[in-house]
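Here are my comments on the model you sent round. Please read them beside the coordinates.

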Amino acid sequence: MDRKNQTPQGQIAQVVVEFLEVAISCIVFLKGFYPPRAFERRRYMNVVVQKALHPELTSYIHSVTFGLLPFIQKGLVERVVVIFYDKGHVPTEKFVFKLAVNQSYRSKLEEANLEFALRAFLIRLTVAEPVTRPLPRDGSWEVTAYFRSLPGDGDREAQLWIPTDAELWMQPPQITPIKSVSCDPLTMQLYLEHPSVTEPKEPPA
Ligand SMILES: *[C@@H]1O[C@H](CO)[C@@H](O)[C@H](O)[C@H]1NC(C)=O
């Protein structure tokens with residue numbers, strides 16, 4: 001894609017979705033959800049990352065991230081969340097990317113600064129395993145996006161994003177910050193959410 005003729009918000013959205021695609025693949029690798037042979041080592045932004053090889057997995061991660069491009073560009077996406085569930089479809093761990101793209105920013109995008117910032121996320125992610133929880137047996141995972149405001153009715157693409165039927169936690173979650181950066185026009189935080197220790201272990205009947 002030609003980035004030259006785009007607004008800074010368009011450029012940044014492109015960089016962010018590419019970054020999210022790589023980061024989500026790294027998270028799924030980190031959690032050991034699939035055997036290591038489902039991934040291959042690649043270099044991205046000069047960091048060794050794990051890229052999904054399985055066509056369905058690759059295509060799922062690609063379509064969710066690139067599907068968000070227009071909404072990230074317009075500043076509508078507040079959080080992109082990778083959620084791991086137990087077999088009862090109760091979330092056990094969430095990797096939350098909270099982001100904001102400054103819509104008033106008009107200057108030229110300093111892509112090198114932005115890449116430097118995003119690179120720091122990837123480096124932190126590759127060593128984040130000790131702060132994560134063991135993966136439950138027979139669980140599942142998915143990527144969910146939370147919008148800041150609902151896109152208009154005319155936005156057919158946005159309507160493909162349906163609410164998930166996941167069980168909610170009753171108590172506010174425990175939060176573990178991983179990394180945050182502010183590199184105008186992008187601010188982004190990555191943190192983990194775990195169920196509170198007072199969270200009932202079994203979903204209510
Ligand atoms: C957004 O960008 C404008 C113009 O560059 C700047 O003045 C403003 O401080 C930025 N806002 C935030 C919240 O960073």
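The points below take up the model itself, two helices, the nonpolar core and a database annotation.

1. This is a predicted model, in which local features need pLDDT of at least 70 and side-chain atom pairs count only at pLDDT 80 or more, while totals for chains, interfaces and linings use all residues. Residues are numbered from 1 along each chain as its sequence is written.

2. Helix α1 covers residues 8-30, helices being DSSP runs of H or I with at least four residues, numbered from the N terminus. Of its 23 residues, 18 are buried (20 or more other C-beta atoms, placed from the backbone, within 10 Å of the residue's own). α1 is followed by G32, which has a positive phi near 65 degrees.

3. The largest nonpolar core (buried Ala, Val, Leu, Ile, Met, Phe, Trp, Tyr and Cys residues joined through C-beta atoms within 7 Å) has 39 residues, and V16, L20, A23, I24, I27, L68 and I72 touch the most other members. Helix α1 gives the most to this core, with 13 residues.

4. Leaving aside neighbours within four places in sequence, I72 is in contact (C-beta atoms, placed from the backbone, within 7 Å) with A13, V16, V17, V77 and V101.

5. In α4, the buried residues are L114, A117, L118, F121 and L125. They lie on the same side of α4, because they cover an arc of only 90 degrees around the axis, taken from the directions of the C-beta atoms from that axis. Their cover includes α1, β6 and β7.

6. The unreviewed UniProt entry lists residues 12-34 as "transmembrane region"; such annotations may be inferred rather than shown by experiment. In the model this span is 83% helix and 0% strand.

Notes: Buried ≥ 20, exposed ≤ 12 C-beta atoms within 10 Å, placed from the backbone. Helix = DSSP H or I, 4+ residues; strand = E, 2+ residues; numbered from the N terminus. Contact = placed C-beta atoms within 7 Å.
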